Amino acid sequence: MPILAGKELRIVGFLCNWCSYGGADTAGVGRFSQPTDLRIIRVPCSGRIDPLFIVKTLLYGADGVLVSGCHPRDCHYGQGNFYARRRLEALKRFLPIIGVEPGRFEYTWVSASEGQRWQQVVQGFTEQVHALGPSPASAVFGACREIPDEKGGPRVAV
Amino acid sequence: MSPFETLKEKIREALPGLDCVIGWRQGFDPLHATPFFMRAPEDVEKLVWSPLCVHNLSTYLPSFRGKKVGIVLKGCDSRGVIELLQEKLVERENLVLFGLPCSGVADLTKLGRAAGDLDRVSAVAWDEAGFTLATPRGEVRVARRDALADKCLSCQFPNALEADHLPGDPLPPATGPDLGDEELAALEAMAPADLMARWAAEMSRCIRCYACRNACPMCVCRDHCIAQSRDPHWLSQEDSPREKLMFQLIHTMHLAGRCVECGECQRACPVDIPILALRRKMNRVVRELFDYQAGLDSQAVPPLFTFQVEEANIKERKW
Amino acid sequence: MVMSAAAYLPAPKLGEWLKELSVRHLVLAPQARGDAVVFAPYAEGGEIVLDRDATMPPKQAVFPATEELLRFRRVKDPEDPGRVDVELSASQPAPKTVVFGARPCGTRGFLAYDRVYRSPKTTDPYYAARRDATLFVTVACTAPGNSCFCHWVGSGPDDASGSDLLLTPVTGGFVVLAVSGRGDELLGSPLLEPAGDRTAEAEKVLAAVRAALPPAPDISGARDGLTAVFDDMGFWDEVSAKCVSCGACTYLCPTCYCFNITDEGDGLAGRRLRTWDNCMSFQFTLEASGHNPRPTKAHRLRNRVGHKFSYYPALHEGAVACCGCGRCVRGCPVSVDIREIVLAAIVRAARAREETAHD
């Protein structure tokens with residue numbers, strides 16, 4: 001049973017289809033144990049990630065956001081991660097001005113073969129977010145909207 | 001002839017070949033100048049030039065695309081034109097740019113603090129040291145620092161950077177305090193949760209009028225802003241601080257590397273929310289990462305439109 | 001004006017009185033938020049701003065920026081998973097509210113709503129509930145500003161229509177007049193003293209303010225004039241040239257009552273919201289086909305001015321849907337002046353009439 005069971009935070013990962021999603025898969029196939037706070041959203045390329053995805057995620061209830069793409073020079077589309085790097089770095093330096101601690105957002109590169117590395121990234125980032133605790137966004141702006149459970153019953157997501 | 005009179009003469013000469021020339025005339029009371037579209041030579045008599053010409057008129061240019069128009073520019077306004085040129089939203093050959101050296105414009109919000117009720121100011125005068133307002137309580141003197149827009153106190157571009165006519169002697173850059181930096185430093189000194197709570201409190205009085213967006217010269221999507229799209233549904237109609245701050249962040253992100261920091265967003269805000277700080281912060285980041293300022297060179301490639309394989313100032317964290 | 005009773009509230013007791021009112025009501029009072037003044041819930045010690053008109057009108061009391069009409073939830077039938085029912089729950093009841101400290105122009109804005117949302121023909125239950133639950137304690141205006149024009153639209157700095165109590169600033173406090181039966185009930189407070197000859201002082205104060213107003217031009221020709229220039233797009237292009245098409249004028253307006261209804265929610269549950277909408281927005285008349293009958297800002301500004309001074313009066317016995325508070329003039333980022341447009345339309349229509357006569 002994971003150490004953090006019941007104390008999970010909400011971490012959202014945006015992973016590129018070609019490298020990092022494959023890397024996460026490799027980690028799973030290799031049965032590397034990982035914290036379970038992370039929920040993965042697969043995107044075609046890190047260059048597809050509008051920084052506003054991350055802003056919205058953080059403002060609407062996530063405690064941390066992790067972006068991972070192909071290593072520089074390895075982009076499936078050639079240049080997507082180079083553009084992404086500029087946007088993501090600018091966003092990372094900007095976020096503190098709205099009261100989001102710098103540690104709640106990280107971006108990195110993991111290739112499809114780096115299962116072990118993926119495990120380390122998730123482990124490290126999850127620990128970093130746990131050290132910060134829940135994001136102030138829920139306390140400041142209120143809990144996010146009601147999310148119905150599978151049977152349609154309401155469950156307040158905090 | 002004063003530089004202003006020379007400029008008026010130039011405008012009169014140019015007008016027959018132009019759809020209009022955009023400038024200012026006196027507004028509804030002594031404190032307000034208002035944008036003015038001169039179409040006939042006799043209109044030029046009503047043109048005014050003063051520290052009350054606060055608006056960045058380059059906002060109007062994209063709506064005249066394809067027509068020949070003239071525009072009167074302060075230094076900061078010219079950066080808006082340059083940015084529009086860079087983004088190919090206006091054509092240089094269709095513009096006649098009338099620049100005047102500017103020694104700073106008033107911030108009516110700041111003047112309001114001194115006057116009490118801004119709507120009851122019956123006369124205004126200014127000199128190099130500040131403003132004098134006639135109010136029901138008597139004359140109120142406002143020092144330059146407490147009267148001028150923050151951007152003007154440390155203005156680096158008092159003369160239009162691109163102009164066809166620039167009468168008068170160019171002014172040197174201002175050497176006053178950078179109040180924008182001071183504001184950012186104060187915000188950055190706050191604990192994150194307190195800072196977020198501060199933004200929520202500030203945004204709670206936002207009325208979602210989108211004056212910030214519509215006054216912005218770089219908000220060129222106009223009627224097709226994603227903030228009002230139902231699909232994709234970036235924002236709900238709910239009047240909550242979260243949605244309203246999210247809009248400010250949409251604006252900021254869409255201005256990254258494009259914002260000329262004219263301050264129109266904050267000036268236009270009818271409830272005086274200090275939203276310029278967000279754009280300022282992004283501009284600082286863009287400057288420190290890419291050594292770039294928007295609106296200085298119409299031929300430059302904007303930083304988020306390009307990349308370096310080895311970035312000079314980005315060192316990704318090694319996990 | 002029917003004045004059934006008068007009392008005196010010493011200025012130092014204002015806070016205490018508001019606290020007393022807060023026991024049974026939500027009290028909305030003008031308070032500073034940054035450099036703006038908004039109607040916010042009064043809490044003990046809150047500083048009331050009366051020396052300038054509030055930036056925001058008090059309209060949120062009867063017409064909130066967001067009003068939840070209902071909540072919905074889709075529920076699957078456990079016996080027949082293909083069947084989904086929608087469960088609805090109604091919105092919360094309107095809280096008992098006192099709006100304190102609006103000027104007469106701000107309060108009078110509600111009268112424009114009443115004719116639309118609480119008419120013999122149709123009643124909007126959400127509006128009516130809030131309106132019935134809200135009392136207006138208005139403070140007479142002693143400081144009209146450069147953008148004010150209440151006397152152009154048939155009102156004045158001491159207009160009590162729409163109010164329940166009217167306060168007039170006098171030396172050391174306020175003369176309190178009940179101008180409705182509901183206002184009478186508020187006069188029972190032990191904090192209030194008999195007005196005595198302060199009533200005469202109040203009359204003097206108000207007479208002085210009325211006398212100080214610059215003469216109002218005759219705008220009785222606006223209704224026909226605006227209709228006459230309706231198709232004169234050259235005119236509307238000219239007067240709207242500087243408009244940036246934001247919604248500041250509309251959302252700051254005490255009489256603007258247009259709304260939008262949207263369902264907001266994720267997945268299977270959500271809320272139906274009624275929110276402020278504004279006719280300056282491109283989306284306001286955008287049709288599902290993509291066609292927009294008001295494609296430019298000229299069309300939209302024409303609607304705003306025409307509605308207030310022509311179409312609305314035509315539907316409501318000549319009542320103008322403008323209270324003359326001047327917020328649209330003050331709040332406009334480029335100083336579009338509705339007074340100027342109305343006057344220009346009257347002149348333009350008259351000139352067009354003359355030209356037709358000569359033809």
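Which strand of chain B is B:Arg141 found in? Let's work through that one and a few more.

This is a predicted model, where local features need pLDDT of at least 70, side-chain atom pairs count only at pLDDT 80 or more, and totals for chains, interfaces and linings use all residues. Residues are numbered from 1 along each chain as its sequence is written, while chains are lettered from A and ligands numbered from 1 in the order in which they are written.

**Exercise 1. Place B:Arg141 and describe its surroundings.**

Step 1. B:Arg141 sits in strand E7 of chain B, residues 138-143. Helices (H or I, at least four residues) and strands (E, at least two) are DSSP runs, numbered from the N terminus.

Step 2. Buried or exposed? B:Arg141 is exposed, because 12 other C-beta atoms lie within 10 Å. The cut-offs are 20 or more other C-beta atoms within 10 Å of its own for buried, 12 or fewer for exposed, and partly exposed in between, with C-beta atoms placed from the backbone.

Step 3. Leaving out residues up to four places away in sequence, B:Arg141 touches B:Gly130 and B:Thr132. Contact here means that the C-beta atoms, placed from the backbone, lie within 7 Å.

Step 4. Now pick out B:Phe247, 106 residues apart from B:Arg141 along the chain: the two C-alpha atoms are separated by 38 Å.

**Exercise 2. Work out the four-stranded sheet of chain B.**

Step 1. Read off the order: E2-E1-E3-E4, an open sheet with mixed pairing. Two strands pair if DSSP finds at least two bridges between them.

Step 2. Find the edges. These are E2 (33-38) and E4 (95-99) of chain B, each pairing on one side only.

Step 3. Check the twist: neighbouring strands are turned by 30° against each other on average, direction ignored. For angles like this, axes are lines fitted to C-alpha atoms, for helices over the stretch in contact, and angles run from 0 to 180 degrees between N-to-C directions.

Step 4. Zoom in on one pair. Strand E1 (residues 20-26) of chain B and E2(B) are antiparallel and share six bridges. B:Gln26 has B:Ala33 in E2(B) as its bridge partner.

Step 5. Add the helix: H1 (residues 3-14) of chain B lies across E1, E2, E3 (69-73) and E4 of chain B, at about 165° to E4(B).

**Exercise 3. Do the same for the sheet of chain A, then add two helices.**

Step 1. The order is again written E2-E1-E3-E4 for chain A, and the pairing in this open sheet of four strands is parallel.

Step 2. Why is one side of E2 (38-43) and of E4 (105-109) of chain A left without a neighbour in the sheet? Each stands at an edge with a single partner strand, so there is no neighbour on the other side.

Step 3. On average, neighbouring strands here are turned by 20° against each other, direction ignored.

Step 4. Strand E3 (residues 64-69) of chain A pairs with E4(A) in the parallel sense over five bridges, and A:Gly69 stands opposite A:Trp109 in E4(A).

Step 5. Lay on the helices. H1(A) lies across E1 (11-16), E2 and E3 of chain A, at about 115° to E1(A). H4(A) lies across E1, E2, E3 and E4 of chain A, at about 160° to E3(A).

Step 6. Compare the helix axes: H1 (residues 20-29) and H4 (residues 115-132) of chain A come within 7 Å and cross at roughly 95°. That makes H1(A) roughly perpendicular to H4(A); the class covers 65 to 115 degrees, with under 35 roughly parallel, over 145 roughly antiparallel and the rest oblique.

Step 7. Name the residues that touch: A:Gly23, A:Ala24, A:Thr26 and A:Ala27 of H1(A), and A:Gly115, A:Arg117, A:Trp118 and A:Gln119 of H4(A).

**Exercise 4. Sketch chain C and its contact with chain B.**

Step 1. Count the elements: chain C has eleven helices and twelve strands.

Step 2. Get the extent. Its C-alpha trace spans about 80 × 65 × 40 Å along the principal axes, and 47% of the 359 residues of chain C count as buried.

Step 3. Follow E1 (residues 5-10) of chain C: six bridges join this strand to E9 (residues 173-178) of chain C, running antiparallel. C:Pro10 has C:Gly173 as its bridge partner in E9(C).

Step 4. Finish with the contact between chains, which takes 36 residues from chain B and 38 residues from chain C.

Methods
Two residues are in contact if their C-beta atoms, placed from the backbone, lie within 7 Å.
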